[in-house]
Amino acid sequence: MTKPSDGHEGESVSRTSSLALAAARAAERPAFMAWILAQYASSQRVSVAAVARELGATAPTGLGLALCRRPRPASFVEDVSAIAAAFGIDRARLTTIVRQVDAVEAMSSTSTMHRGALLAARTRPRKKGSKGHKDDNAR
Amino acid sequence: MRKRPLREEAMDLHRRLLEGDPLASEEAARLMLDALVTETQMRFPRVDAQTVTDAAVDALLDYLENPSTAERRGSPDPYGFLCTAAWRNAANRHRGSVRRQAREALWAEEGPTSRVEVDTPLGMLVEEEEHAARDRQVAELMEVLTDERDRAVLRLRLQGERDTAAFARAMGIEALSVLEQRTLVKRAKDRIDKAIGRTRGRERE
């Protein structure tokens with residue numbers, strides 16, 4: 001999928017740098033593979049470049065991989081296969097990485113939901129001197 | 001100069017983005033980003049290249065994340081929609097950058113404000129009080145900033161430093177890539193600006 005850049009050398013440098021900047025920014029957006037790679041790298045305490053190498057990606061293919069959208073849950077296998085084939089990377093390893101990040105994300109969103117439920121169950125302290133609730137008066 | 005992509009190419013990628021094709025975003029970035037940067041720079045020739053590139057990248061990522069926004073705005077041409085978004089981002093960023101430079105200049109260069117002669121005893125007293133007031137403001141800011149790296153950035157800014165590499169060294173992030181350094185330094189500056197805004201707001205109240 002990565003096409004060789006055409007044009008002279010200066011243009012090629014500018015192309016790489018603006019794409020590199022886009023890939024770096026995409027790491028802050030969960031919709032992109034860059035985010036998946038960054039999350040995995042952070043959990044393993046390694047660099048994103050090391051994760052790319054683990055997948056068998058070179059620097060330009062790593063950049064392209066980062067700019068892909070993350071696989072859709074409904075067509076996960078097809079999407080991971082398409083990405084792996086396009087960039088010539090290890091499909092099984094890519095599947096493991098995406099699944100692991102998905103699992104951590106799901107667990108953290110579940111724990112956030114539970115925290116919300118606990119907060120909702122708390123009784124709000126009554127203000128000093130305020131009249132009781134209608135139901136309290138009825139009791 | 002990178003040429004504007006053909007409308008058919010852009011429309012085809014747009015359709016694939018809407019379908020959720022995971023590869024379409026990478027292809028769209030390769031096809032459109034450089035042309036977008038070039039056209040935005042031509043539209044805003046006085047704005048620095050970094051601001052223009054940031055504006056184009058953000059517009060592109062917003063679009064790749066939510067391609068349907070181009071349809072909601074009624075644009076029949078996704079690339080045209082992207083150009084408008086990048087131009088708007090560049091204009092907003094440029095305004096923000098001008099405001100930030102004004103704030104930095106104010107903090108770095110703010111000197112004695114009184115009109116009393118400095119060499120007189122009264123002048124020295126007033127100058128001491130002004131320095132003390134400024135020291136109090138800085139101390140208050142330092143308390144508000146909980147992260148030691150933010151405090152290091154503030155110290156450098158007060159000395160008039162503008163070099164990102166110097167900020168990165170002070171933050172201990174010089175081992176990261178230049179892009180990551182730029183992002184983290186910018187975030188620290190944004191946090192400091194907000195803290196300055198809050199501190200000044202309290203002073204006015």
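Chain A and chain B bury about 2,700 Å² between them, and carbon and sulfur atoms account for 56% of that area. This is a predicted model, so please read every value here as computed from it. Chain A brings 30 residues to the contact and chain B brings 27 residues. Salt bridges are a good second thing to look at: the structure holds 25 of them over all chains.

**The interface between chain A and chain B**

- Five salt bridges cross the interface of chain A and chain B.
- One bridge to look up joins Asp62(B) to Arg29(A), with the closest N and O atoms 2.7 Å apart.
- The interface also has 13 residue pairs in polar contact, both residues being at pLDDT 80 or more.
- On the side of chain A that touches chain B, three helices each supply at least two residues: α1 (9-26), α4 (59-66) and α5 (76-87).
- Helix α1(A) gives the largest share of that side, with eleven residues.
- Sorted by class, the side of chain A that touches chain B has 16 nonpolar residues, ten charged residues and four polar residues.

**Salt bridges to inspect**

- A network of salt bridges links Arg25(A) with four residues of chain B, namely Asp54(B), Asp58(B), Arg93(B) and Arg182(B).
- Within chain A, the side chains of Asp79(A) and Arg72(A) form a salt bridge at 2.8 Å, N to O.
- The two partners sit in different settings by accessibility: Asp79(A) is buried at a relative accessible area of 4%, whereas Arg72(A) is partly exposed at 29%.
- In chain B, Glu26(B) and Arg30(B) form a salt bridge whose closest N and O atoms are 2.5 Å apart.
- Glu26(B) and Arg30(B) lie four residues apart in helix α2 (residues 24-43) of chain B, so about one helical turn separates them.
- Glu26(B) counts as buried, with 0% relative accessibility, and Arg30(B) counts as buried as well, at 12%.
- Glu19(B) and Arg15(B) also meet through their side chains in a salt bridge, at 3.1 Å, N to O.
- Because Glu19(B) and Arg15(B) are four residues apart in helix α1 (residues 7-19) of chain B, they are separated by about one helical turn.
- Both residues of this pair are partly exposed: Glu19(B) has a relative accessibility of 48% and Arg15(B) has 41%.
- As a general reminder, side chains of opposite charge can pair when their charged atoms come close.

**Nonpolar cores**

- The largest nonpolar core has 41 residues, and those touching the most other members are Phe32(A), Leu33(B), Leu36(B), Leu60(B), Tyr63(B), Leu64(B) and Leu82(B).
- Several helices each supply at least two residues of this core: α1 and α4 of chain A, together with α1, α2, α3 (49-65) and α5 (78-109) of chain B.
- Helix α3(B) gives the most to this core, with nine residues.
- If you would like one residue to start from, Leu64(B) touches Phe32(A) and Arg69(A) in chain A, and Leu17(B), Ser25(B) and Ala28(B) in chain B, leaving aside residues up to four places away in sequence.
- A second, separate core has 24 residues, among them Tyr40(A), Ala84(A), Phe87(A) and Val101(A).

Technical notes
Residues are numbered from 1 along each chain as its sequence is written. Chains are lettered from A and ligands numbered from 1 in the order in which they are written. This is a predicted model: local features need pLDDT of at least 70, side-chain atom pairs count only at pLDDT 80 or more; totals for chains, interfaces and linings use all residues. Side-chain values use heavy atoms; hydrogens and water are left out. Buried means under 20% relative accessible area, exposed over 50%, partly exposed in between (1.4 Å probe, protein chains only). Contact means heavy atoms within 4.5 Å. Buried area is the accessible area (1.4 Å probe) that two parts lose on being put together, summed over both. A polar contact is a pair of N or O atoms within 3.5 Å; within protein, one must be able to donate a hydrogen and the other to accept it, and residues adjacent in sequence count only if both atoms are side-chain atoms. Ala, Val, Leu, Ile, Met, Phe, Trp, Tyr, Cys and Pro count as nonpolar, Asp, Glu, Lys and Arg as charged, and the others, Gly among them, as polar. A nonpolar core is a set of buried Ala, Val, Leu, Ile, Met, Phe, Trp, Tyr and Cys residues joined through side-chain atoms within 4.5 Å.
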